Amino acid sequence: MKPPPVPPPVVGWCEWVALPELGLPAVRAKIDTGAATSAIHAYSIERFARGGAPWARFEVHPFFRRRRQVTVACEAPVVDVCRLVRSSSGHVEERLVVRVVLRLGVRVGAPEFEADLTLADRWKMQFPMLVGREALAGRALVDAGATFRLGRLARPGDYYA
């Protein structure tokens, strides 16, 4: 007899997300099913080639406005060079898209999967990262009335000492 399928985790509208391949163990993210693509606030974006494949080098402030002195240098493979994305304000812009491993929440055994992430200037937004419906599809259910369903961090700054 086949075991019953494991139900997907339920996430809140705001969660801690890890991007382990980028050296980011904790980034506060808005879970947004209204957005198709996921995005992270990135700056100093440079394209380069590694083994003949396109890559991007960029910097991230994981705490955004709270602790701007914390900066993490990241590198990731580029999967799309000029995806057109419509922002929440309605204007369309080209963004570089990288593929990364994304971990939802901070608990041991948290769901982990590959996701496409656009590199964007999110400085005027409330969250440094947005997780869109393409990344969540079939992987999580969203409880729009809850926050941090997958765990809270007592002192997230400790991850970036």
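Six salt bridges are counted in this protein chain, and the model is a predicted one. D116 with R99 is one of the pairs, at 2.7 Å between the closest N and O atoms. E15 stands apart from that group: it is buried yet has no salt bridge.

**Salt bridges across strands**

- Side chains of opposite charge can pair when their charged atoms come close.
- D116 and R99 form a salt bridge, with their closest N and O atoms 2.7 Å apart. D116 lies in strand 8 (residues 112-120) and R99 in strand 7 (residues 92-104), so this pair ties together parts that are 17 residues apart in sequence.
- Both partners have some access to the surface. D116 is partly exposed, at 23% relative accessible area. R99 is partly exposed as well, at 34%.
- E112 and R103 also meet through their side chains in a salt bridge, 2.8 Å from N to O. E112 has a relative accessible area of 46% and counts as partly exposed. R103 is partly exposed too, at 26%.

**Another pair and a network**

- R149 bridges to D143, with the closest N and O atoms 3.2 Å apart. R149 is partly exposed, with a relative accessible area of 36%. D143 is partly exposed at 29%.
- E46, R50, R57 and E75 belong to one network, joined by salt bridges that share partners.

**E15, a buried charge**

- E15 sits in strand 1 (residues 10-19).
- Which side chain of opposite charge is nearest to buried E15? R149 is, at 6.2 Å. A salt bridge requires the side-chain nitrogen to be within 4 Å of the carboxyl oxygen, so a 6.2 Å separation does not qualify.
- What does the side chain of E15 reach at 3.1 Å? The backbone nitrogen of L150 is the atom in question.
- Leaving out residues up to four places away in sequence, E15 touches V27, R28, A29 and I31. The list also includes T147, F148, R149, L150 and G151.
- R149 therefore appears twice in this picture: E15 touches R149, while the salt bridge of R149 described here is with D143.

**The hairpin of strands 4 and 5**

- Strand 4 (residues 43-50) pairs with strand 5 (residues 53-60). The sense is antiparallel, and the pairing runs over six bridges.
- Where does Y43 find its bridge partner? The partner is E59, in strand 5.
- The two strands form a hairpin with two residues between them. G51, in the turn, has a positive phi of about 60 degrees.

**Whole-chain picture**

- The protein chain has one helix and 10 strands. Read from the N terminus, the order is β-β-β-β-β-β-β-β-β-α-β.
- What share of the 161 residues is buried? Buried residues make up 45%.
- Of the contacts between residues at least 6 apart in sequence, 59% join residues at least 24 apart.
- The chain exposes about 8900 Å². Carbon and sulfur atoms supply 52% of that area.

Terms used
Residues are numbered from 1 along each chain as its sequence is written. This is a predicted model: local features need pLDDT of at least 70, side-chain atom pairs count only at pLDDT 80 or more; totals for chains, interfaces and linings use all residues. Side-chain values use heavy atoms; hydrogens and water are left out. Helices (H or I, at least four residues) and strands (E, at least two) are DSSP runs, numbered from the N terminus. Buried means under 20% relative accessible area, exposed over 50%, partly exposed in between (1.4 Å probe, protein chains only). Contact means heavy atoms within 4.5 Å. Accessible areas come from the Shrake-Rupley method with a 1.4 Å probe; for residues, only the protein chains shown count as cover. Lys and Arg count as positive and Asp and Glu as negative; His and the chain ends are not counted. A polar contact is a pair of N or O atoms within 3.5 Å; within protein, one must be able to donate a hydrogen and the other to accept it, and residues adjacent in sequence count only if both atoms are side-chain atoms. Two strands pair if DSSP finds at least two bridges between them.
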